[in-house]
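I opened this entry to record what I looked up in the chain, going from its overall build to its sheet and its core.

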Amino acid sequence: MLEELRNLLVLQERDTRILSAQKNCEQGPLELDALQKKLEARKQALQAHKMEAQHVEAERKSLDLDAQSKRQQIAKSKTQQMQTRKNEEFAALEHTIAHLEAEISTTEDKELDLMERYENAQRAVADETVLFQEFEKTVLHQIETVKQRTENAQKEKASLQASREPFLAGISAAVLDRYQRLLKSKGGRAIVPVLQGSSCGGCHMEIPSQTVIDAKTGAKMVACENCGRFIYWQE
Ligand SMILES: [Zn+2]
């Protein structure tokens with residue numbers, strides 16, 4: 001086998017692994033982004049439950065203040081009733097008191113309802129907090145794994161790139177240039193073996209017999225006429 005061909009095969013083996021490491025390097029940040037978004041969404045959901053609880057409690061407190069103020073109005077009206085001697089005024093105050101008492105009753109019903117909603121919301125917050133903590137632990141672990149994998153892929157890529165360098169010297173500029181263009185256009189397969197004695201290992205088309213002979217003797221670099229890939233004879 002030609003020395004140049006041997007170098008090219010090593011180069012392709014390294015370049016294929018570089019491409020795969022590169023894919024892992026690019027995949028890492030995308031996966032990290034997706035994981036962080038997932039975590040953020042759960043955090044927001046938990047926050048929404050907390051807000052709901054706060055909102056319900058604030059509403060109940062406001063109703064409670066309202067009821068308190070009405071009770072004060074009732075007390076004031078009762079004092080006025082004791083002071084007046086006019087029947088008409090007494091009756092009007094009586095009416096006001098009855099009206100306020102009815103309103104307080106309605107408010108108290110609402111407050112009971114809100115208290116129940118608050119308890120439910122608090123329970124949801126407690127449950128969601130536990131679930132979130134478990135979820136967060138899992139996701140943080142996944143994030144760590146992806147980070148580690150990406151870091152390893154970067155190291156692997158750098159080491160492969162260094163390891164391909166010595167083989168470049170044994171390849172002519174023209175062959176190297178063509179190899180690199182093929183590598184890009186043929187998805188990492190620029191140099192392929194002859195299969196079943198006469199077909200191209202890349203495009204599977206029949207190779208002319210003279211080209212097969214040239215590949216066999218290994219005296220010069222040969223290529224598939226159909227796809228342009230370099231071909232070699234595999235012993
Ligand atoms: Zn071909």
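I began with contact range in this predicted model, and I noted that, of the contacts between residues at least 6 apart in sequence, 71% join residues at least 24 apart. I then checked burial and found that 12% of the 235 residues of the chain count as buried.

Overall dimensions came next. The radius of gyration is 41 Å, whereas a compact globule of 235 residues would have one near 18 Å. I also took the box that the C-alpha atoms fill along the principal axes, and it comes to roughly 130 × 35 × 25 Å.

I turned to the elements and counted 4 helices and 4 strands, which follow one another from the N terminus as α-α-α-β-β-α-β-β.

For the domains, I wrote down that the chain is divided into domain 1, residues 3-169, and domain 2, residues 172-235. Their C-alpha centres lie 59 Å apart, and the contact between them takes 9 residues from domain 1 and 12 residues from domain 2. I asked which element gives the largest share of the side of domain 1 that touches domain 2. Helix α1, residues 3-83, does so, with 8 residues. By residue type, that side of domain 1 divides into 5 nonpolar, 2 polar and 2 charged.

I looked at the sheet next and recorded it as open, with 4 strands in the order β2-β1-β4-β3 and mixed pairing. Since β2 (199-200) and β3 (222-223) stand at the edges with a single partner strand each, one side of each is left without a neighbour in the sheet. Strand β1, residues 191-195, pairs with β2 in the antiparallel sense over 2 bridges, and I noted S199 in β2 as the bridge partner of L195.

My last search was for the largest nonpolar core, which has 20 residues, and the ones with the most contacts inside it are L8, Y179, I191, F230, I231 and Y232. The elements that give it two or more residues are α1, α3 (173-185), β1, β3 and β4 (230-232). Where does this core lie with respect to domain 1 and domain 2? I place it between them, because both domains give residues to it.

I followed F230 further, leaving aside its neighbours within four places in sequence, and found it in contact with L8, Y179, A190, I191, M221 and A223. Of these partners, L8, Y179 and I191 also appear among the core residues with the most contacts inside the core.

Methods: Residues are numbered from 1 along each chain as its sequence is written. This is a predicted model: local features need pLDDT of at least 70, side-chain atom pairs count only at pLDDT 80 or more; totals for chains, interfaces and linings use all residues. Domain bounds come from an automatic or database domain assignment. Two residues are in contact if their C-beta atoms, placed from the backbone, lie within 7 Å. Ala, Val, Leu, Ile, Met, Phe, Trp, Tyr, Cys and Pro count as nonpolar, Asp, Glu, Lys and Arg as charged, and the others, Gly among them, as polar. The radius of gyration is taken over C-alpha atoms; the globule rule is 2.2 Å times the number of residues to the power 0.38. A residue is buried if 20 or more other C-beta atoms lie within 10 Å of its own, exposed if 12 or fewer, and partly exposed in between; C-beta atoms are placed from the backbone. Two strands pair if DSSP finds at least two bridges between them. A nonpolar core is a set of buried Ala, Val, Leu, Ile, Met, Phe, Trp, Tyr and Cys residues joined through C-beta atoms within 7 Å.
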